[in-house]
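Open the model in a viewer and keep the sequence panel at hand. The stops below go from one selection to the next.

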Amino acid sequence: MTGYYDIVLGLIPVALLGITAALTFVGLSVTAAVPAGAFAAMMLMGHAMFVNAPLDSTDDVQSTPQPLNAD
(Lines give C-alpha, C1' and ligand atoms only; values in the text may rest on other atoms or scores of the structure.)
Protein backbone atom coordinates (compact mmCIF):
# COMPACT_ATOMS: atom_id res chain seq x y z
CA MET A 1 0.00 0.00 0.00
CA THR A 2 1.48 3.30 -1.09
CA GLY A 3 1.26 6.03 1.50
CA TYR A 4 1.68 9.78 1.39
CA TYR A 5 5.38 9.70 2.26
CA ASP A 6 6.11 7.05 -0.38
CA ILE A 7 4.57 9.33 -2.98
CA VAL A 8 6.55 12.32 -1.71
CA LEU A 9 9.79 10.33 -1.88
CA GLY A 10 9.00 9.44 -5.48
CA LEU A 11 8.05 12.98 -6.43
CA ILE A 12 11.27 14.59 -5.16
CA PRO A 13 13.49 13.38 -8.04
CA VAL A 14 10.60 13.74 -10.50
CA ALA A 15 10.21 17.39 -9.52
CA LEU A 16 13.92 18.08 -9.61
CA LEU A 17 14.61 16.38 -12.94
CA GLY A 18 11.24 16.94 -14.59
CA ILE A 19 10.95 20.65 -13.90
CA THR A 20 14.60 21.17 -14.83
CA ALA A 21 14.11 19.31 -18.12
CA ALA A 22 10.84 21.10 -18.90
CA LEU A 23 12.29 24.54 -18.27
CA THR A 24 15.39 23.69 -20.29
CA PHE A 25 13.17 22.45 -23.12
CA VAL A 26 11.22 25.74 -23.28
CA GLY A 27 14.44 27.73 -23.56
CA LEU A 28 15.58 28.58 -20.04
CA SER A 29 19.26 28.00 -19.34
CA VAL A 30 20.26 25.02 -17.22
CA THR A 31 21.78 27.41 -14.70
CA ALA A 32 18.35 28.92 -14.08
CA ALA A 33 16.32 25.72 -14.50
CA VAL A 34 18.13 23.66 -11.85
CA PRO A 35 17.35 26.06 -8.96
CA ALA A 36 13.70 26.15 -10.04
CA GLY A 37 13.51 22.35 -9.97
CA ALA A 38 15.34 22.26 -6.65
CA PHE A 39 12.92 24.80 -5.21
CA ALA A 40 9.95 22.61 -6.20
CA ALA A 41 11.61 19.56 -4.63
CA MET A 42 12.34 21.59 -1.51
CA MET A 43 8.69 22.64 -1.28
CA LEU A 44 7.62 18.98 -1.43
CA MET A 45 10.01 18.10 1.38
CA GLY A 46 8.93 21.08 3.46
CA HIS A 47 5.29 20.17 3.07
CA ALA A 48 5.96 16.58 4.10
CA MET A 49 8.01 17.61 7.14
CA PHE A 50 6.15 20.63 8.49
CA VAL A 51 2.63 20.87 7.06
CA ASN A 52 1.75 17.19 7.00
CA ALA A 53 4.22 16.01 9.63
CA PRO A 54 4.38 12.35 10.53
CA LEU A 55 3.03 11.63 13.99
CA ASP A 56 3.93 8.71 16.15
CA SER A 57 0.81 6.61 16.62
CA THR A 58 1.67 6.00 20.29
CA ASP A 59 1.56 9.70 21.15
CA ASP A 60 -1.51 10.71 23.10
CA VAL A 61 -2.40 14.13 21.80
CA GLN A 62 -4.73 15.81 24.26
CA SER A 63 -6.90 18.70 23.15
CA THR A 64 -7.26 20.18 26.65
CA PRO A 65 -4.39 20.49 29.11
CA GLN A 66 -4.71 18.76 32.45
CA PRO A 67 -5.11 21.10 35.46
CA LEU A 68 -2.12 21.39 37.73
CA ASN A 69 -2.41 20.06 41.26
CA ALA A 70 -2.08 23.01 43.64
CA ASP A 71 -1.38 20.83 46.68
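## First stop: G37

Select G37 and show what surrounds it: leaving aside neighbours within four places in sequence, G37 is in contact with A15, L16, I19 and T20. Bear in mind throughout that this is a predicted model. G37 lies in helix α2. Is G37 buried or exposed? G37 counts as buried, because its relative accessibility is 0% and the cut-off for burial is under 20%. Now draw a distance from the C-alpha atom of G37 to that of I19: the two are separated by 5.0 Å, with their positions 18 residues apart along the chain.

## The whole chain

Zoom out and colour by secondary structure. The protein chain has two helices and zero strands. Of its 71 residues, 13% count as buried. Switch on the surface: the accessible area of the protein chain comes to about 5800 Å², and 70% of that belongs to carbon and sulfur atoms. If you prefer a contact map, take the contacts with a separation of 6 or more; residues 24 or more positions apart account for 53% of them.

## The helix pair

Select residues 4-25 for helix α1 and residues 30-51 for helix α2. How do the two axes run relative to each other? They come within 7 Å and cross at roughly 165°. An angle over 145 degrees counts as roughly antiparallel, so α1 and α2 are roughly antiparallel to each other. The crossing of α1 past α2 is right-handed.

Next, show side chains at the contact. On α1, pick Y4, Y5, V8, L11, I12, A15, L16, I19, T20, L23 and T24. On α2, the residues to pick are V30, A33, V34, A36, G37, A38, A40, A41, L44, M45, H47 and A48. Colour this selection by class: the contact of α1 with α2 has 19 nonpolar residues, four polar ones and no charged ones.

## A40

Move along to A40, which is also placed in helix α2. Not counting residues up to four places away in sequence, A40 touches A15 and I19. Both of these appear in the list for G37 as well. For a distance to draw here, take V14: its C-alpha atom is 9.9 Å from that of A40, and the two residues are 26 apart along the chain.

## M42

Select M42, another residue of helix α2. Its relative accessible area is 42%, so M42 is partly exposed, a class that lies between the 20% and 50% cut-offs. The C-alpha atoms of M42 and I12 are separated by 8.0 Å, and these residues are 30 apart along the chain.

## Last stop: A48

Finish at A48 in helix α2. Which residues does A48 touch, not counting those up to four places away in sequence? They are Y4, Y5, V8, A53 and P54. Among them, Y4, Y5 and V8 belong to the α1 side of the helix contact. A48 is buried, because its relative accessible area is 8%. Draw one more C-alpha distance, from A48 to Y5: the pair is 43 residues apart in sequence and 7.1 Å apart in space.

Conventions
Residues are numbered from 1 along each chain as its sequence is written. This is a predicted model: local features need pLDDT of at least 70, side-chain atom pairs count only at pLDDT 80 or more; totals for chains, interfaces and linings use all residues. Side-chain values use heavy atoms; hydrogens and water are left out. Axes are lines fitted to C-alpha atoms, for helices over the stretch in contact, and angles run from 0 to 180 degrees between N-to-C directions. Helices (H or I, at least four residues) and strands (E, at least two) are DSSP runs, numbered from the N terminus. Angles under 35 degrees count as roughly parallel, over 145 as roughly antiparallel, 65 to 115 as roughly perpendicular and the rest as oblique. A crossing is left-handed if the near helix is turned anticlockwise from the far one by less than a right angle, and right-handed if clockwise. Contact means heavy atoms within 4.5 Å. Ala, Val, Leu, Ile, Met, Phe, Trp, Tyr, Cys and Pro count as nonpolar, Asp, Glu, Lys and Arg as charged, and the others, Gly among them, as polar. Buried means under 20% relative accessible area, exposed over 50%, partly exposed in between (1.4 Å probe, protein chains only). Accessible areas come from the Shrake-Rupley method with a 1.4 Å probe; for residues, only the protein chains shown count as cover.
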